[in-house]
Amino acid sequence: MALSASDLGTIYSFLTNSMSGDESVRKPAEAALSQFESRPGFCSCLMEVITAADLASQVDVRLLASVYFKNSINRYWRNRRDSAAISSEEKNHLRQKLLSHLREENDKIAGLLAVLISKIARLDYPREWGFGILGRGVGVEQDAVPSKQWEIIVYCNSVSLFVILIITVMLSMKGYEIILMNLRIFLTLFRTLKELSTKRLTVDQKNYAEITSHLFGYSWGLWQSDVQTILNSFSTLAQSYTSNALEQRHDELYLMSERWLLCLKIIRQLIISGFPSDSKCVQEVQPVKEVSPILLKAIQSFLPYYSSFQKGHPKFWDFIKRACTKLMKVLVTIQGRHPYSFGDKSVLPPVMDFCLNTITDPDPYILSFEQFLIQCMVMVKCVLECKEYKLNLTGRVMDESVITIDQMKKNISNAVGGVLTSLLPSDRIIHLCNVLIRRYFVLTASDLEELYQNPESFHHEQDMVQWTEKLRPCAEALYIVLFENHSQLLGPVVVSILQEAMNACPTSVSEITPGLLLKDAAFGAAAYVYYELSNYLSFKDWFNGALSLELSNDHPNMCVIHRKVALILGQWVSEIKADTKRAVYCSLIRLLQDKNLSVKLAACRSLCLHVEDANFSEQDFVDLLPICFDSCFKLVEEVQEFDSKVQVLNLISVLIGHVHEIIPFANKLVQFFQKVWEEASGESLLQIQLLIALRNFVVELGYQSPTCYNVLLPILRGGIDINSPDILNLLEDGMMLWEATLSHAPAMEPRLQACFPCLVEIMERSFDHLQVAVNIMEDYIILGGTEFLRMHASSVAKILDLIVGNVNDRGLLSTLPVIDILVQCFPAEVPPLISSTLQKLIMICLSGRDDFEPSKAAVKASAAAILARILVMNTNYLAQLTAEPSLSLLLQQAEIPIEENVLLCLVDIWLDKIDNASSDQKRTFGLALSIILTLRLPQVVDKLDQILSVCTSVILGANDDLTEEESSGDNMSSSKFHGEGTIPSREYRKRQIKFSDPIKQWSLENSVRENLQTCASLHGESFNSAISRMHPAAFAQLKQALKMQ
């Protein structure tokens, strides 16, 4: 039933209640809105709430209505099979209503209205939203529009971009309200262009290119006109000290400035999305060469107002910051999208020169403008690491007349490379390196205050912040790229700065002086480029002569240097030789006990790097393990932030996984794990890290793992509980812990048995973790045996029925070996239990061709081998299964033609798949085929030649596998001998099952000989006739295989 105006009060009430803090009020309201959203008229009711004049002050309700509207567009605007779409009449009404409310004054609501229009445009443009609807939406008549602009409208109608038309209508109008309207229109246009740019089909990109061709020139002309107006107004404003009388004009100027910024975003979007990247098509993008120099000029024109507006005009000062930052970001984006066009001599040299000068020799007021400095550094970094600008030293074919795209790219790259070389001579590179280290790496007063007051937060901000968000990390990222590009030039320079800093500030200095801060910066510079710098600096000499001595000074101020030493010891791990490892380990353990939390956390991370290193020396570390664990346990108690706990827990997990002397610490670790799990409720990332640590712990304990079951199993249940709110995050690691627990369990016990039903729930939910689930089931079969099957037979059958027929070939190939083990271990009990699964296996065997799909051939071979095993070990049941009416019905429904009985069809599969089978499967096929010889069916005689041929090849081929099997048997016996008195391993149990397989014990030779005699007595003359038709060579091989004279 459709919603109408009479339902508005109800919708409004539910929207209001859904924001209530009282769950008993909020939940029913959310449920009711969820029921309403699929009903016709729901979006129209929401639109009325959003635009109601009497609700203008209730912004929260209107915002929530906008969010529901946006979600409904995503779900119901298009026609879908599974849901009713919004009707065409309601769509037309909503479009007109949206356009008629572009004058919305509230910025947040206006932003969401622009998003709504853009979402609809993405779905309806260009076929369903043209000028007719638009004109009616905004009430525009031709007489109200200047003739020149009406021509633009008519011309643009061929493109059908609805928002372009509104813009051209409104631009000639004046006044605050109209400027506000213009601002809203530009916001809508930007959002729409951004949304349309996400459509990647060729026709959509062609449409976007057409939009760009019509819109770019107009937008660019308007932007240039506005920037001149704004700069003239700023010039007047900078000289004005009495702004109260001009407040109205200031408001208009501010709105114009905001519109100008939106126009800049539109231009960026058109250049980025309206042209294919020139790095692929090598076609010059002319707007890049036209726009970029003027953007740079605009930056240079705006920057002087940064200082003059800071005190007198804070609103415009904020605009200057946003404008300059955005202009430089646009240049960075253009360079990334169109590097060849940006590499033109009219663009790249002035932009790079400006950025380099801003970084190395900025005006004093620029130093406080961090966001702009960051963008200048980003630009230089992007250019330095741009692969399109790297010099190409490959040659070309002589006398080649046609210039290929690769040759064109090479020519441009070499030309731009030459420009960069002229822009960055050696002295400028060295100067830039010095400035980065001596100015931007140095900790500021606010950094030092944070380090002392909130060391934990300081560590994470320095360690995990995005490099484009803070000035120092950005300078470090630029320095790394610069050093990689010019390592031979800068290696000696960095070593020189390091020596200078260490000489100027001896280890005895404890005061925070410029010298100590420079030493900290130089240590950082040496840490970040350890790989290249190792050619110029001996770590052993540096460690023994300086770094280890720094740790002898325990003054609180030395936390600055100690933290950087911890960083160096981690970064240089690959360069630390065996004779220095012990001393480094001791130093890191000492740093792990520092008084400052940022130092401890830095040491924690570096220790992880050392323990995980391929050349980690357990022998040098093992006696440090007690103090290391104790320090980690204390550190977890000290830290408050979630990220810190994860970091410490990660170190503990790594230690457990790489150091084998864990058993003496088992009790402490168990207590620690229990405490952390209790405190980690709701913190899924911390719980994940704990599950990983526990898995490593169980593996290291091996068959002593039951000692920790009292703590382990409740945690395990929490990690695999499908009803847990955090199950999406915990399930993978929970199942891996479950698998490790079973693999290292000495015997099955009731608490482990009780976990198995969880596997059914997990498989019912999804097959995302199928391989681990299959391993777990196999472990239960091997470990639990008959008792396990007695308790969980129905669950096993349900899991297998869920998997077979619902997963791909890869999933089946993982699952079928488990079914095979089940049938082998319980040949009488299991086949009737899993009859539904077995019917599916028969369907797999008899359906379709697989000549060109190896995975399907492998699946058929494995499925056929399971059915052959059942015939061998439970002959009567397979005969019963293949004769069941339910199977015939399934085959009919699947349109699988069966010309003879199903069992004979399986015989054809066994004959056909012999070449796809493993040696064990071939033996199973051979035994099954030998049993077929005993059937009273005339078709058996027809297939006699093929059956005997396969059996002969299996018997004669078995000798090739005998030596390997005997060797494996010897190994097993040897393992048993050496393992006497110990608990047999999971692998030993699995091999024991394999070698006790009756299929391996029974003689195929004897079976064929005996059953051949039975066949002869059953079929008489027809048997003799079939034997006589055999090829003499094949008959001779048969006699050889059966040892017949």
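Of the 1045 residues in the protein chain, 54% count as buried, where buried means under 20% relative accessible area, exposed means over 50% and partly exposed lies in between, with a 1.4 Å probe and protein chains only. This is a predicted model, in which local features need pLDDT of at least 70 and side-chain atom pairs count only at pLDDT 80 or more, while totals for chains, interfaces and linings use all residues. Residues are numbered from 1 along each chain as its sequence is written, and side-chain values use heavy atoms, with hydrogens and water left out.

Let us begin with the whole chain. The protein chain has 56 helices and zero strands; helices (H or I, at least four residues) and strands (E, at least two) are DSSP runs, numbered from the N terminus. About 46800 Å² of the protein chain is exposed, and carbon and sulfur atoms supply 51% of that area; accessible areas come from the Shrake-Rupley method with a 1.4 Å probe, and for residues only the protein chains shown count as cover. Contact means heavy atoms within 4.5 Å. Among contacts between residues at least 6 apart in sequence, 76% join residues at least 24 apart.

Now turn to a pair of helices. Two packed helices are described by the angle between their axes and the distance between the axes. Helix 34 (residues 642-658) packs with helix 35 at an angle of about 145°, and their axes are 13 Å apart. Here the axes are lines fitted to C-alpha atoms, for helices over the stretch in contact, and angles run from 0 to 180 degrees between N-to-C directions. The crossing of helix 34 past helix 35 is left-handed, a term used if the near helix is turned anticlockwise from the far one by less than a right angle, with right-handed used if clockwise. On the helix 34 side, Leu649, Ile652 and Ile656 meet Leu669, Phe672, Phe673 and Val676 of helix 35. By class, this contact has seven nonpolar, no polar and no charged residues; Ala, Val, Leu, Ile, Met, Phe, Trp, Tyr, Cys and Pro count as nonpolar, Asp, Glu, Lys and Arg as charged, and the others, Gly among them, as polar.

Stay with helix 35 (residues 666-679) for a moment, and you will find Val670 there. Val670 counts as buried because its relative accessible area is 15%. Leaving out residues up to four places away in sequence, Val670 touches Phe697, Cys708 and Val711. The C-alpha atom of Val670 is separated by 9.4 Å from that of Thr707, 37 residues apart along the chain.

Two lysines come next. Lys519 lies in helix 26 (residues 514-528), and this lysine counts as buried because its relative accessibility is 1%. The side chain of Lys519 reaches the backbone oxygen of Cys505 at 2.9 Å. That is a polar contact, meaning a pair of N or O atoms within 3.5 Å; within protein, one must be able to donate a hydrogen and the other to accept it, and residues adjacent in sequence count only if both atoms are side-chain atoms. Beyond residues up to four places away in sequence, the residues that Lys519 touches include Met502, Glu550 and Ile561.

Lys199, by comparison, sits in the loop between helix 10 (176-196) and helix 11 (202-239). Lys199 is buried because its relative accessible area is 13%. Its side chain reaches the backbone oxygen of Arg122 at 3.0 Å. Not counting residues up to four places away in sequence, Lys199 touches Arg122, Tyr125, Asp204 and Gln205.

Thr358 offers another side chain to follow, this time in helix 18 (residues 348-360). With 8% relative accessibility, Thr358 counts as buried. A polar atom of the Thr358 side chain lies 2.7 Å from the backbone oxygen of Phe354. Leaving aside neighbours within four places in sequence, Thr358 is in contact with Ile366, Phe372, Leu373, Cys376 and Tyr440. The C-alpha atoms of Thr358 and Leu373, 15 residues apart along the chain, are separated by 7.3 Å.

Finally, look at the backbone of Val282, in the loop between helix 13 (278-281) and helix 14 (286-302). Most residues other than glycine have a negative phi. Phi of Val282, however, is positive, near 55°. Val282 is also buried, at 11% relative accessibility.
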